[in-house]
Amino acid sequence: MSDVDLNAAVDALVDREPDLPLPAVRRQLRLADELTQRQVADALQVKPLTILRWEGGQTEPRRPWRDAYARLLQRLAEKHPEAAQITDHSAVRGRSGMPTPPSDSRGSG
């Protein structure tokens with residue numbers, strides 16, 4: 001592998017889309033700053049339904065909204081570090097990348 005290939009691989013790694021927190025954390029961050037979905041939607045120039053879907057994990061933002069949303073969430077996480085933690089264990093992602101459903105505690109009955 002040449003130096004040019006290595007440099008290109010490093011550049012691609014650094015230039016990748018910003019990572020977003022889990023959907024449940026996105027909501028927690030917004031709520032920690034007492035922001036409504038409408039306020040976030042207005043700032044990002046999208047519909048409130050879009051924010052609902054991003055926070056629910058139904059859709060993911062695309063550029064240029066992804067970059068702006070990632071910046072908002074990063075700033076909120078810096079302001080409210082406690083809100084950046086997962087408090088709802090059902091929101092932890094499983095191997096498929098989808099939220100893991102809560103276990104059924106009723107047993108096989």
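# A tour of the helices and salt bridges

The count of salt bridges in this structure comes to five, and because the model is a predicted one, local features are described only where pLDDT is at least 70. Before selecting any of the bridges, colour the chain by secondary structure: the protein shows five helices and zero strands, which along the sequence gives the pattern α-α-α-α-α. Of the 109 residues in the protein, 25% are buried. If you draw a contact map beside the viewer, residues 24 or more positions apart account for 60% of the contacts with a separation of 6 or more.

**First stop: Glu60 and its partners**

Select Glu60 together with Arg26, and show the side chains as sticks. The two form a salt bridge whose closest N and O atoms are 3.0 Å apart. Glu60 belongs to the loop between α4 and α5 (65-79), whereas Arg26 belongs to helix α2 (residues 23-32), so this pair ties together parts that lie 34 residues apart in sequence. The two ends of the bridge also differ in their surroundings: Glu60 is partly exposed, with a relative accessible area of 37%, while Arg26 is buried, at 1%.

Keep Glu60 selected and add Arg66, since the side chains of Glu60 and Arg66 also meet in a salt bridge, at 3.7 Å from N to O. Arg66 is buried, with a relative accessible area of 13%.

Now move to Arg63 and Asp67, which form a salt bridge with the closest N and O atoms 3.3 Å apart. Here both partners are partly exposed, Arg63 with a relative accessible area of 44% and Asp67 with one of 31%. Which residues are joined into one network by salt bridges that share partners? They are Arg26, Glu60 and Arg66, and it is worth displaying these three residues together before leaving this part of the model.

**Second stop: helix α3 and its two sides**

Next select residues 37-44, which make up helix α3, and orient the view along the helix axis. Within α3, Val40, Ala41 and Leu44 are buried. Why can these three be described as lying on the same side of α3? They cover an arc of only 100 degrees around the axis, and that places them on one side of the helix. As a general rule, an α-helix has 3.6 residues a turn, so residues three or four places apart point the same way.

Turn the helix over, and the face directed away from the buried side of α3 carries the exposed residues Arg38 and Ala43. Returning to the buried residues of α3, display the neighbouring helices as well, for these residues pack against α2, α4 and α5. Then step off the end of the helix to Gln45, which follows α3 and has a positive phi, near 60 degrees.

**Third stop: where α3 meets α4**

Add residues 48-56, which form helix α4, to the selection of α3: the axes of the two helices come within 8 Å and cross at roughly 110 degrees. Angles from 65 to 115 degrees count as roughly perpendicular, and α3 and α4 are therefore roughly perpendicular to each other. On the α3 side the contact is made by Gln37, Arg38, Val40, Ala41 and Leu44, and on the α4 side by Pro48, Ile51, Leu52, Trp54 and Glu55. Coloured by residue class, the residues of this contact divide into seven nonpolar, one polar and two charged.

**Last stop: Ile51 and Pro48**

Two residues of α4 deserve a separate selection. Is Ile51, which sits in helix α4, buried or exposed? Ile51 is buried, with a relative accessible area of 0%. Leaving aside residues up to four places away in sequence, Ile51 touches Gln37, Val40, Ala41, Leu44 and Val46. A distance label drawn from Ile51 to Tyr69, which is 18 residues away along the chain, should read 9.7 Å between the C-alpha atoms.

Pro48 also lies in helix α4, but at 25% relative accessibility Pro48 counts as partly exposed. With residues up to four places away in sequence again left out, Pro48 touches Gln37, Arg38 and Ala41. As a final label, join the C-alpha atoms of Pro48 and Gln37: these residues are eleven apart along the chain, and their C-alpha atoms are separated by 5.5 Å.

Notes. Residues are numbered from 1 along each chain as its sequence is written. This is a predicted model: local features need pLDDT of at least 70, side-chain atom pairs count only at pLDDT 80 or more; totals for chains, interfaces and linings use all residues. Side-chain values use heavy atoms; hydrogens and water are left out. Axes are lines fitted to C-alpha atoms, for helices over the stretch in contact, and angles run from 0 to 180 degrees between N-to-C directions. Helices (H or I, at least four residues) and strands (E, at least two) are DSSP runs, numbered from the N terminus. Angles under 35 degrees count as roughly parallel, over 145 as roughly antiparallel, 65 to 115 as roughly perpendicular and the rest as oblique. Contact means heavy atoms within 4.5 Å. Ala, Val, Leu, Ile, Met, Phe, Trp, Tyr, Cys and Pro count as nonpolar, Asp, Glu, Lys and Arg as charged, and the others, Gly among them, as polar. A salt bridge is a side-chain nitrogen of Lys or Arg within 4 Å of a carboxyl oxygen of Asp or Glu. Buried means under 20% relative accessible area, exposed over 50%, partly exposed in between (1.4 Å probe, protein chains only). The arc is that of the directions from the helix axis to the C-beta atoms.
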